[in-house]
Amino acid sequence: MEHTADAEHHGGGTKEVIKLTFILSIPTVIELALGFAMMGMEQGSSLKLAIKGTIVILMMAKAFYIVGYFMHLKHEVKNLIMTIVVPLLLFVWFITAFLSDGNSFKNLKNTYDPHKKELSTQKVEKKEEVKETKTEEKKKAVE
């Protein structure tokens, strides 16, 4: 008797896994479709930035759902959930702040250091041209 009751209790897991797979597949397919649609767009367009923002929002929604399901936070007390989610949001904020600060430092360095400013305005030769000149020099040296 105990064995059959135990089997009935664990039998609902398959439906829940299929439901979870379906729920996570929908935003993933949308993200892929948006990514493929974004490939042909010009760099810096406002539509491309909007699509990137949408993809990030979908990714965050999936991340919160995964945290809620696999860390078993879905059925926990709200205070326990906040002790895990708030530091996660702070971590995202730290990454954004550090990237912004690094970009600001790079721009200031290029503005006030004349050597860095000169280097940032110079055009770099393409690798193909460099390879051609080296092979031409080798041919001349052999002759």
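The exercises below, each with a worked solution, concern a predicted model of a protein chain.

Residues are numbered from 1 along each chain as its sequence is written. Because the model is predicted, local features need pLDDT of at least 70 and side-chain atom pairs count only at pLDDT 80 or more, while totals for chains, interfaces and linings use all residues, and side-chain values use heavy atoms, with hydrogens and water left out.

**Exercise 1. Describe the protein chain as a whole.**

Solution. Begin with the secondary structure, in which helices (H or I, at least four residues) and strands (E, at least two) are DSSP runs numbered from the N terminus. The protein chain has 6 helices and 0 strands, and from the N terminus on its elements run α-α-α-α-α-α.

Next, turn to the surface, whose accessible area comes from the Shrake-Rupley method with a 1.4 Å probe, only the protein chains shown counting as cover for residues. This accessible surface comes to about 12500 Å², and 66% of it belongs to carbon and sulfur atoms. A residue is called buried under 20% relative accessible area, exposed over 50%, and partly exposed in between (1.4 Å probe, protein chains only); buried residues make up 11% of the 143 residues in the protein chain.

Finally, consider contacts, meaning heavy atoms within 4.5 Å. Among the contacts with a separation of 6 or more, 49% are between residues 24 or more positions apart.

**Exercise 2. Find the partner of Glu31 in a salt bridge, and describe the surroundings of Glu31.**

Solution. A salt bridge is a side-chain nitrogen of Lys or Arg within 4 Å of a carboxyl oxygen of Asp or Glu, and by this rule the count comes to 1 salt bridge. Glu31 forms a salt bridge with Lys62, and the closest N and O atoms are 3.3 Å apart. The pair links distant parts of the chain, since Glu31 lies in helix H2 (residues 13-38) and Lys62 in helix H3 (residues 46-70), 31 residues apart.

The next step is to look at exposure: Glu31 has a relative accessible area of 12% and is therefore buried, and Lys62 is buried as well. Not counting residues up to four places away in sequence, Glu31 touches Ile55, Leu58, Met59 and Lys62.

The last step widens the view to H2, where Leu20, Leu24, Pro27, Glu31 and Met38 are buried, and where H3 is included in what covers these buried residues.

**Exercise 3. Work out how Trp93, Phe94 and Phe98 are linked, and where they lie on the surface.**

Solution. Rings of Phe, Tyr and Trp (its six-membered ring) pair if their centres lie within 6.5 Å, and planes under 30 degrees apart count as stacked, over 60 as edge-to-face and the rest as tilted. By this rule the count comes to 2 aromatic pairs. Trp93 and Phe94 form a tilted pair, 5.4 Å centre to centre with 50 degrees between the planes. The rings of Phe94 and Phe98 have their centres 6.2 Å apart and their planes at 20 degrees, so this pair is stacked. Ring pairs thus link Trp93, Phe94 and Phe98 into a cluster.

Now check exposure: Trp93 is exposed at 53%, Phe94 is partly exposed at 40%, and Phe98 is exposed at 59% relative accessibility.

To finish, note that Met82, Val86, Leu90, Trp93, Phe94 and Phe98 form a nonpolar patch on the surface, with about 620 Å² of accessible area together. Patches are made of residues with over 30% relative accessible area and no salt bridge, like charges being joined within 9 Å and nonpolar side chains (Val, Leu, Ile, Met, Phe, Trp, Tyr) within 5 Å.
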